[in-house]
Amino acid sequence: MRTMLYEARQTTLPGLKTPEQEYWELINRGGCSFYEALSVLDKIGWDFKDFTTQYLTHKFHSYPARFIPQIPLTFIKLFTKEGETVLDPFCGCGTTLVEAFLNNRNSIGNDFNPLATLISKVKVTLIEDEEFRYLKEKLKKMKSRLDLDYKRIDKRLKSLPNRKLSKIFNRAVISKLEAIRETLLEIKEEGGHEDIFDLGRVSLSSTVWSLVENGGGIDVDVDDLFMKKVHSMEKELKKMAKIVKKIPDVKIINGDARRLEVEMNTVDLIVTSPPYVNALDYYRVHMYNMLWLGMDFDLFRRHEIGAHSNFINNRFRLLSGYLGDMLRSMIEMNRVLKKNKLCVIVVGNSSLEYELIESYKFFADMSKFIGFKPLKTYFRNIDKTRKYTSADIGKIDDEYILVLQKVNDAEVSASDGGFVADIVTQQMDKFKKQIEKVQGTSVRGRKPTKERLLENVDKIKEAIAHIPDDVKMERQR
Ligand SMILES: C[S@@+](CC[C@H](N)C(=O)[O-])C[C@H]1O[C@@H](n2cnc3c(N)ncnc32)[C@H](O)[C@@H]1O
């Protein structure tokens, strides 16, 4: 069995170090200088091949395109002290926050997806035994009154916006999910049990996710599955409580990374992985869970960065919109970060119309206009068994870790549409020149004709003409 990272430090035997123990020693350099810490980054094996990545509360809920905990952990250990503040403006399921929490750093997590912020919150909230007893008592009562009242279920089904649910889940499954949902609502109404209520919701969401992944849950004992998840969460939170010496502050914001609700110059480190251009629509992935939790996925859809449901006719317009959104988010990251501190952005390449989109290069280039200095870039292979694949983009099999340092204030606001349009135009012009020289940089499978590939140059020209509209914050979606 693989050694869990946080156990690695207790079991070191001389001459018998595992790669995880060696890594742990490398990042545990209390008191080293900024430049020493930077040089340690060059010694890290960023692939983290065969490392355990699902430990403690990281296990709570699956989440697409999450990054491995070792990435935020490395920067947290090397570049912050206990009590300092780490921010992830696209926190997803809270990987950065969990690592900050385990290492006694305060943290701020922001994400527009309400499911993401719920999962994040639950992963870093320790809960008293008494509250677990209370939840289990409620669930025991629920079990005794579980019924298969199909009329009631059909009524509920009709009230759900997406009728396809009835094809995915059979009536017995729906009935049980409903009973769990109602029990949780009862807990909410009683008041005073907010944390266990939220944990129950994450457990319900994770149950729904498992059912979707297994094709609808035929023959699955839903309440049993739900209970198992609650038990396992309780166990992991208990383990975590033993590791955390002093509970740090955690702030979780359900908001837009392009206008962060965070004070300027207050953050000591940013580690984040933004959405990829054209990669996946999170709102689609999470639709069923969000439906069951009564969350508004349409509001999220309209604010989602990188989603590909728009600009179907010209995908390069999607790219300029994306670059505009990312530039605004990076201006916000600069505003909240203290001077000389690091902003680490983890992103993979994408593919649009047979062309390779190297997002990290765009980010590094744009960062220089807003007070950042690119210091280092690391490439890492993603574990083949864990990477996210999508029919639209093919495989995401590598990613880049871009290390930026804030050297100045951005001196521009994220809401400055003129500035954003200028920088994006510059980036898209450069991109057009590259495509004029070499086309088909990301062809997988059958190669399209030269004529088809050259059409891309016209498409990019068209996208450039639309930049002032396409980079608007409140554009139509
Ligand atoms: C690659 S994921 C981050 C995963 C995260 N590092 C983790 O380990 O779970 C990108 C996240 O960006 C979020 N997102 C998309 N548009 C956003 C916006 N406008 N503001 C804030 N978050 C947004 C998505 O909901 C998604 O959770």
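**Helix packing, buried sites and a pocket in a predicted model**

The buried residues of helix α18 pack against α16, β7 (355-357), α17 (359-367), α19 (450-465) and α20 (467-470). The model described here is predicted. Helix α18 covers residues 417-437, which makes 21 residues. From first C-alpha to last, α18 reaches 30 Å, close to the 30 Å expected at 1.5 Å a residue. Its buried residues are Phe419, Val420, Ala421, Ile423, Val424, Gln427, Met428, Phe431, Lys432 and Ile435.

Two of these residues, Met428 and Phe431, are also contacts of Leu319. Leu319 is found in helix α16 (residues 315-336). This leucine has 0% relative accessibility, so it counts as buried. What surrounds Leu319 once its neighbours within four places in sequence are left aside? The residues in contact with it are Val277, Leu352, Ile357, Phe362, Met428 and Phe431. Asn278 lies 41 residues away from Leu319 along the chain. The C-alpha atoms of the two are nevertheless separated by 8.1 Å.

The chain as a whole has 477 residues, and 58% of them count as buried. It holds 20 helices and 11 strands. Many contacts bridge long stretches of sequence. Among contacts between residues at least 6 apart in sequence, 79% join residues at least 24 apart.

Helix α7 gives a second view of helix packing. This helix has 16 residues, numbered 129-144. At 1.5 Å a residue it should span 22 Å, and its end C-alpha atoms are 23 Å apart, which agrees. Glu131, Phe132, Tyr134, Leu135, Lys138, Leu139 and Met142 are the buried residues of α7. Seen down the helix axis, these residues fall within an arc of 160 degrees, so they line one face of α7. Their cover includes α10 (171-190), α11 (194-213) and α12 (222-243). Which residues does the face turned away from the buried side of α7 carry? Exposed there are Glu130, Arg133, Lys140, Lys141 and Ser144.

Two loop residues have a positive phi although neither is a glycine. For Leu56 the angle is about 45 degrees. Leu56 sits in the loop between α3 (34-41) and α4. Its relative accessible area is 1%, so Leu56 is buried. For Asn104 the phi angle is about 60 degrees. Asn104 has its place in the loop between α5 (95-102) and β2 (106-110). Is Asn104 buried or exposed? Its relative accessibility is 9%, and under 20% means buried, so Asn104 counts as buried.

Empty space in the model was examined as well. The second largest pocket holds about 390 Å³ of space. Its lining is made up of 19 residues, and the closest to the pocket centre are Cys32, Leu78, Phe79, Thr80 and Lys81. Helix α4 (70-79) and strand β5 (337-347) each supply at least two residues of this lining. How do the lining residues divide by type? Six are nonpolar, six are polar and seven are charged.

Methods:
Residues numbered from 1 in each chain as written. Predicted model: local features only at pLDDT ≥ 70, side-chain atom pairs only at ≥ 80, totals over all residues. Heavy atoms only, no water. 1 Å grid on protein atoms, 1.4 Å probe; cavity = no way out; pocket = protein on both sides within 12 Å on 5 of 7 lines; lining within 4 Å. Points joined across faces, edges and corners; volume = space filled by probe spheres on them. Helix = DSSP H or I, 4+ residues; strand = E, 2+ residues; numbered from the N terminus. Nonpolar A, V, L, I, M, F, W, Y, C, P; charged D, E, K, R; others polar. Expected span 1.5 Å × (residues − 1). Buried < 20%, exposed > 50% of the residue type's maximum accessible area, 1.4 Å probe, protein only. Arc of directions from axis to C-beta. Contact = heavy atoms within 4.5 Å.
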